Amino acid sequence: MLADALEHLVRGIVDNPDDVSVRDKQMRRGSVLEVRVHPDDLGKVIGRGGRTASAFRTVMSALAGRGGARVDFVDVDRRR
């Protein structure tokens, strides 16, 4: 549910919504939502000074409730 909500929000602000993918990874310390976008859209998702990314994290933590969820914006140019 959280991954779908985050994907919907991110698709609304990018130029290439078909390239958006959100993966929910369960880690020892809780849930991590990995967001991958087209390289040209990475700046839009992070925002000036990280404000947009911070807003996404705030909304996701409010939706996650007590368990919480981390949001990680992954650079697709980075090798895996």
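Trainee: Let me start from the term itself: a residue is buried when its relative accessible area is under 20%. By that rule, are Phe56 and Phe73 buried or exposed?

Mentor: Both Phe56 and Phe73 are buried. Please keep in mind that we are looking at a predicted model.

Trainee: How many aromatic pairs does a search of the whole structure find?

Mentor: The search returns 1 aromatic pair. It is formed by Phe56 and Phe73, whose ring centres lie 6.1 Å apart. Their planes meet at 45°, and planes between 30 and 60 degrees apart count as tilted, so this pair is classed as tilted.

Trainee: Which parts of the chain does the pair link?

Mentor: Distant ones: Phe56 belongs to helix H3 and Phe73 to strand S3, with their positions 17 residues apart in the sequence.

Trainee: Let us step back, then. How many helices and strands are there in the protein?

Mentor: The protein has 3 helices and 3 strands. Read from the N terminus, their order is α-β-β-α-α-β.

Trainee: And what order do the strands take in the sheet?

Mentor: The sheet is open, with the strands in the order S1-S2-S3 and mixed pairing. Strand S1, residues 21–27, and strand S3, residues 69–74, are the edge strands, each pairing on one side only. From one strand to the next, the twist averages 25°.

Trainee: Which helices pack on it, and what do they touch?

Mentor: Helix H1, residues 2–11, packs on the sheet and touches S1, S2 and S3. The direction of H1 makes about 30° with that of S2. Helix H3, residues 51–64, also packs on the sheet, where it touches S2 and S3. The direction of H3 makes about 150° with that of S3.

Trainee: You said the pairing is mixed. Which strands run antiparallel?

Mentor: S1 and S2 do, and 7 bridges join them. A hairpin makes the connection between S1 and S2 through 2 residues. Met27 has Gly30 of S2 as its bridge partner, and Arg23 stands opposite Glu34 in S2.

Trainee: In what sense do S2 and S3 pair?

Mentor: In the parallel sense, over 6 bridges, with S2 covering residues 30–36. There, Val35 stands opposite Phe73 in S3.

Trainee: Why is S2 described as largely enclosed?

Mentor: Of the 7 residues of S2, 6 are buried, so the rest of the structure largely encloses this strand.

Trainee: On to the interior. Which residues have the most contacts inside the largest nonpolar core?

Mentor: They are Leu6, Val10, Leu33 and Val35, within a core of 18 residues. The elements giving two or more residues to this core are H1, S2, helix H2 (42–46), H3 and S3. H1 gives the most, with 4 residues. In soluble globular proteins, nonpolar side chains tend to be buried together.

Trainee: Take Val10. What does it touch, not counting residues up to four places away in sequence?

Mentor: Val10 touches Val20, Val35, Val37, Val45 and Phe56. Val35 in that list is also one of the residues with the most contacts inside the core.

Trainee: What about a residue away from that group, such as Ser54? In which helix is its place?

Mentor: Ser54 is in helix H3. Its relative accessibility is 38%, and the partly exposed class runs from 20% to 50%, so Ser54 counts as partly exposed. Ser54 lies 19 Å from Pro39, C-alpha to C-alpha, with a sequence separation of 15 residues.

Trainee: Finally, the protein as a whole. What radius of gyration does it have?

Mentor: It has 12 Å. A compact globule of 80 residues would have a radius of gyration near 12 Å, so the value agrees. The C-alpha trace spans about 35 × 25 × 25 Å along its principal axes.

Trainee: And what percentage of the 80 residues count as buried?

Mentor: The buried share is 31%. As for contacts with a separation of 6 or more, 56% are between residues 24 or more positions apart.

Terms used:
Residues are numbered from 1 along each chain as its sequence is written. This is a predicted model: local features need pLDDT of at least 70, side-chain atom pairs count only at pLDDT 80 or more; totals for chains, interfaces and linings use all residues. Side-chain values use heavy atoms; hydrogens and water are left out. Two strands pair if DSSP finds at least two bridges between them. Axes are lines fitted to C-alpha atoms, for helices over the stretch in contact, and angles run from 0 to 180 degrees between N-to-C directions. Contact means heavy atoms within 4.5 Å. A nonpolar core is a set of buried Ala, Val, Leu, Ile, Met, Phe, Trp, Tyr and Cys residues joined through side-chain atoms within 4.5 Å. Buried means under 20% relative accessible area, exposed over 50%, partly exposed in between (1.4 Å probe, protein chains only). Rings of Phe, Tyr and Trp (its six-membered ring) pair if their centres lie within 6.5 Å; planes under 30 degrees apart count as stacked, over 60 as edge-to-face and the rest as tilted. The radius of gyration is taken over C-alpha atoms; the globule rule is 2.2 Å times the number of residues to the power 0.38.
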